[in-house]
Amino acid sequence: MHKTCNLCEAMCGLRIEVQGRRIGRIEGDPDDPISKGAICPKAIALKQVQEDPDRLRRPLRRRGRDWQEIGWDEALAEAAERIAAIQGRDGDDAVASYLGNPGAHNLGILLGLVPFNGALGTANKYSASSLDQNPKHASSLMLFGHWLQIPIPDVDHTGFLLMLGANPVVSGGSLMTAPGFRKRIEALQARGGQLVVVDPRRSETARLADRHLFIRPGADGLLLAALVQTVLHEKLTRERGAAWRGIHAEELARLLAPFAPARVEDRLGIPAAEVRALARTFAAAPAAVCYGRTGTSQHPYGTLCSWLADVLNLLTGNLDHVGGAMFTTPAADFAGLIAMRSGGGELITGRTRVRGAPCFNGESPTPCLAEEIETPGPGQVRGLVTVAGNPVLSAPNGAALERAIAGLECYVAIDFYVNETTRHADLILPPSWSLEHDNYEALFHGFAVRNTARYSPAAIRADPGQREDFEILVELALRLGQRKARGPRRLGWRALRALPSVSPRRLLKWMLRAGPYGDGFRPWRGGLSLADLEARPSGIDLGALAPRLNEVILSEGGRIDLAPLPIQEELARLNEELEADPDPPGDELALIGRRDLRTCNSWLHNTRVCTQGLERCTLLMHPDDASRRGLEDGGRVRIRSRVAEVLAPLELSEDLMPGVVSLPHGWGHRGPGLRMAVAEAHPGVSCNDLVDDRVLEGVVGNAVFNGVPVTVEAVPPVDS
Ligand SMILES: Nc1nc2c(c(=O)[nH]1)N[C@H]1C(S)=C(S)[C@@H](COP(=O)(O)OP(=O)(O)OC[C@H]3O[C@@H](n4cnc5c(=O)[nH]c(N)nc54)[C@H](O)[C@@H]3O)O[C@H]1N2
Ligand SMILES: Nc1nc2c(c(=O)[nH]1)N[C@H]1C(S)=C(S)[C@@H](COP(=O)(O)OP(=O)(O)OC[C@H]3O[C@@H](n4cnc5c(=O)[nH]c(N)nc54)[C@H](O)[C@@H]3O)O[C@H]1N2
Ligand code: SF4
Ligand SMILES: [Mo]
């Protein structure tokens, strides 16, 4: 049986032994054209989730402190009725929605959300995007006119990879589907290329690098500005790839003048000579690419960092050029279809009611959700629908968000676990699990380092009583549409009635025909079809990345503005900070996060593969910082931030930059009513209880998870 792992963006091809309803061995598929047999220990979690007795199979309704299993019809009717009642009384915006990370890996959710959002009609939409990559989207929107056209490092052909704030050896790569990343780096080095990693921690990826530079959390704007300044000042630019498209380069040079390496070196903590040398090596490499990910996105200057990284690529002739930053040509072209339907997106579409934070492309920043629930007045959020998300553990100031969610009038969760967030739901609608339905990684095939396509069929049949995410979303949309006078008109009655006969598979078939390799609905022409993918279950290779910016660019005249207003404003803000006196050194440390190969955000912790072995939820600290505080390896410490304090075991590590401490996110499995026996036995603490929800990224209001000021002190052992 062939399947694509949908747990992270690496999209590894798997072979799974299946006998009836029993899952046997799971191994990497050597014939997969992009993953070539690569796999990580989490793949086995597919089986463990499948067999998990805690995974919900039937809808639950809250009854006091307990749950009652109910039928689908009753559950869906009640969910629609309660949502519609709030919206009928207080308006559509009184019910918010949150879409979590696994939604991006699930074609049924991506497609089912279209009618669901239409029927819900709320302006209060939240998602993991504002906890993760909205700055990347904002950068692409400003550069190329489309939020979803993100250039991907052409890792397999580059000669120089400059990586900031990413750890693909552990994360599997993000906005860079590059399974088996370690091997790709070995190949880069074998052909004489180099990897340089910039990270406050000597991460698993940094250990492979030819050079690792420590950076203070949040200082990347200075480094990237200094690199681009050097390229412009020393005339290291190259007319190649998409370089000719850049306009207003002189304006950019003027804006960057205050960020010369010598001027920023003290604050940046990296010698000017080193920054200049880095810029020169980058510009001189036959092919180079600068890539930044969550470390530079969940960041006070996330949009600026993402933008400067791609501007560095552009100016050195490495954007839309082999070995540089390239646009994937996906078989099912999600971004292209979105462009046809609604254009390339809009940067700031509104402001949040309470804080006036920016709404990006129709969504509000998730760090603002708690206050939108708790602050009375017109537009107050009184109901919530979450789909595949656990924001109590994933969003800043999780404890405050939990209190807010607990006080809602109605909360409906589409999820198969009773976890820290969904335990507050009134109704839980559990979808089937990945192995029980077919899938296609429609988003991540579009962010891959190679053009490939692989269909992922169901590995086993779902129980007759189970529903897929797509069915649940469509059913809810239909019922909401029927109850609300305005919903159906917005969606169109005919479209609504056609929905039950539509499936993700049918829509995929259509998307492939409409895509760049499809027949364009002219069968005589021939082209890639779903039948082709089904005939080649290991996937189809569609070749290396090739230049295609001219096909995807939507900005005016195909030109790229090198001095857009939001960037001017961010550079002015950065310059003000540079001019201000630095804070006097106190006893505060900067808290950053950490991902572990065996975990996946907040939710795989109910499997043995994630919890076995060493304790994972530890605070990492440099030994010098520990001895200054009289702290010992293995001791318990109290970590305190503006918003909360938590206790965790201390682990000393020279891998951490002095002044920086690291605690992983996704832990903290405590609270009455959870139904995750394995996770509860390994609870850990939630790093997001410490993260400040008041701090937002500068352009689109993304969460800032890293660089949180904390103090750390010893606490006596529990039994003393
Ligand atoms: N401190 C700190 N916090 C962070 C981060 C960080 O680096 N540091 N990273 C952030 C990032 S990048 C992200 S993406 C977010 C992720 O945070 P969330 O969006 O909250 O996602 P998860 O924690 O993965 O929770 C996923 C939920 O989806 C459910 N689920 C899994 N598969 C399916 C499915 O197929 N269908 C349905 N309906 N449900 C499913 C699971 O049971 C679980 O409840 O966390 C963010 N939080
Ligand atoms: N095993 C595993 N894999 C995952 C996930 C998981 O939870 N576990 N989550 C998935 C998700 S949702 C995502 S979005 C991706 C994320 O994929 P990546 O972005 O590759 O994720 P991280 O491992 O968090 O890497 C971020 C790095 O940034 C560093 N960093 C922190 N602050 C700063 C800073 O201010 N500047 C710089 N330069 N670096 C900084 C951190 O030390 C860390 O090494 O991973 C995905 N894959
Ligand atoms: S790296 Fe691991 S979790 Fe990610 S897709 Fe591959 S097997 Fe799945
Ligand atoms: Mo993410």
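**Exercise 1. Place ligand 1 relative to the domains.**

Solution. Domain 2 (60-132 + 333-543) and domain 4 (583-714) both contribute residues to the shell around ligand 1, so ligand 1 lies between them. The domain bounds come from an automatic or database assignment. The model is predicted: local features need pLDDT of at least 70, side-chain atom pairs count only at pLDDT 80 or more, and totals for chains, interfaces and linings use all residues. Residues are numbered from 1 along each chain as its sequence is written, chains are lettered from A and ligands numbered from 1 in written order, and side-chain values use heavy atoms, without hydrogens and water.

**Exercise 2. Describe the shell and its polar contacts.**

Solution. Step one: count. The shell holds 30 residues, each with a heavy atom within 4 Å of the ligand. The closest are Asn 390, Ser 394, Asp 415, Asn 419 and Ser 602.

Step two: list polar contacts (pairs of N or O atoms within 3.5 Å).
- Asn 419: a polar side-chain atom lies 2.7 Å from a ligand oxygen.
- Asn 688: a polar side-chain atom lies 2.9 Å from a ligand nitrogen.
- Gln 298: a polar side-chain atom lies 3.3 Å from a ligand nitrogen.

Step three: take the area. Alone, ligand 1 exposes 930 Å², and the protein buries 98% of that (Shrake-Rupley, 1.4 Å probe).

**Exercise 3. Locate the largest nonpolar core.**

Solution. This core has 118 residues. Its members are buried (under 20% relative accessible area, 1.4 Å probe, protein chains only) and joined through side-chain atoms within 4.5 Å. Leu 162 and Tyr 440 have the most contacts inside this core. Domain 2 and domain 3 (154-320 + 552-573) both give residues to the core, so it lies between them.

How values were computed. A polar contact is a pair of N or O atoms within 3.5 Å; within protein, one must be able to donate a hydrogen and the other to accept it, and residues adjacent in sequence count only if both atoms are side-chain atoms. Buried means under 20% relative accessible area, exposed over 50%, partly exposed in between (1.4 Å probe, protein chains only).
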